[in-house]
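Biologist: I've got this one open on my screen and I'd like a guided tour. Could you take me through it, then zoom in on one part?

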Amino acid sequence: VSFNPSANINRMEFAISLNRLLPKGLKSERVNAADSTDIPFWAEESMRTIVTQGVMTGYPDGTLRPLQSVTRAEAVKMLYNIFGA
């Protein structure tokens with residue numbers, strides 16, 4: 001196991017981190033994105049909760065792109081979806 005603080009974080013890893021900020025027991029439903037098969041079993045629960053709660057949204061083409069690096073803008077928007085107004 002290694003830790004690289006300057007490495008990029010992908011959307012799936014960020015979803016896991018964000019899910020830890022949310023209260024337990026929130027509703028979560030199956031992810032119906034075109035690329036949902038790209039989500040490994042160990043990230044599935046977090047992705048389901050984050051998407052169901054509207055914290056993370058997909059792209060216009062119907063994908064979530066869980067393996068793509070999260071941009072700063074996406075990260076701020078997701079944090080705002082949790083802590084904002």
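Among contacts in the chain between residues at least 6 apart in sequence, what percentage join residues at least 24 apart? And for the close look, please take Glu74: is Glu74 buried or exposed?

Modeller: Sure, with a word on the ground rules. This is a predicted model, so local features need pLDDT of at least 70 and side-chain atom pairs count only at pLDDT 80 or more, while totals for chains, interfaces and linings use all residues. Residues are numbered from 1 along each chain as its sequence is written, and side-chain values use heavy atoms, leaving out hydrogens and water.

On to your contact question: the figure is 74%, where a contact means heavy atoms within 4.5 Å. As for the elements being brought together, the chain has three helices and zero strands, in the order α-α-α along the sequence. (Helices are DSSP runs of H or I with at least four residues, strands are runs of E with at least two, and both are numbered from the N terminus.) The radius of gyration is 12 Å, close to the 12 Å from the globule rule for 85 residues, so the chain is as compact as a globular protein of that length. That radius is taken over C-alpha atoms, and the rule is 2.2 Å times the number of residues to the power 0.38. Along its principal axes, the C-alpha trace spans about 30 × 30 × 25 Å.

Of the 85 residues, 34% count as buried. Buried here means under 20% relative accessible area, exposed means over 50%, and partly exposed is in between, using a 1.4 Å probe and protein chains only.

Now for your close look. Glu74 sits in helix H3, which covers residues 72-83. Glu74 is buried, with a relative accessible area of 16%. Leaving aside residues up to four places away in sequence, Glu74 touches Arg11, Tyr59, Gln68 and Ser69.

Another glutamate makes a handy counterpoint. Glu45 belongs to helix H2, residues 41-52, and Glu45 is exposed at 53% relative accessible area. Glu45 and Ala15 are 30 residues apart in sequence, yet their C-alpha atoms are 9.7 Å apart in space.

One more stop is the loop between H2 and H3, where you'll find Arg65. Arg65 isn't a glycine, but its phi is positive, near 50 degrees. Arg65 is partly exposed, with a relative accessible area of 28%.
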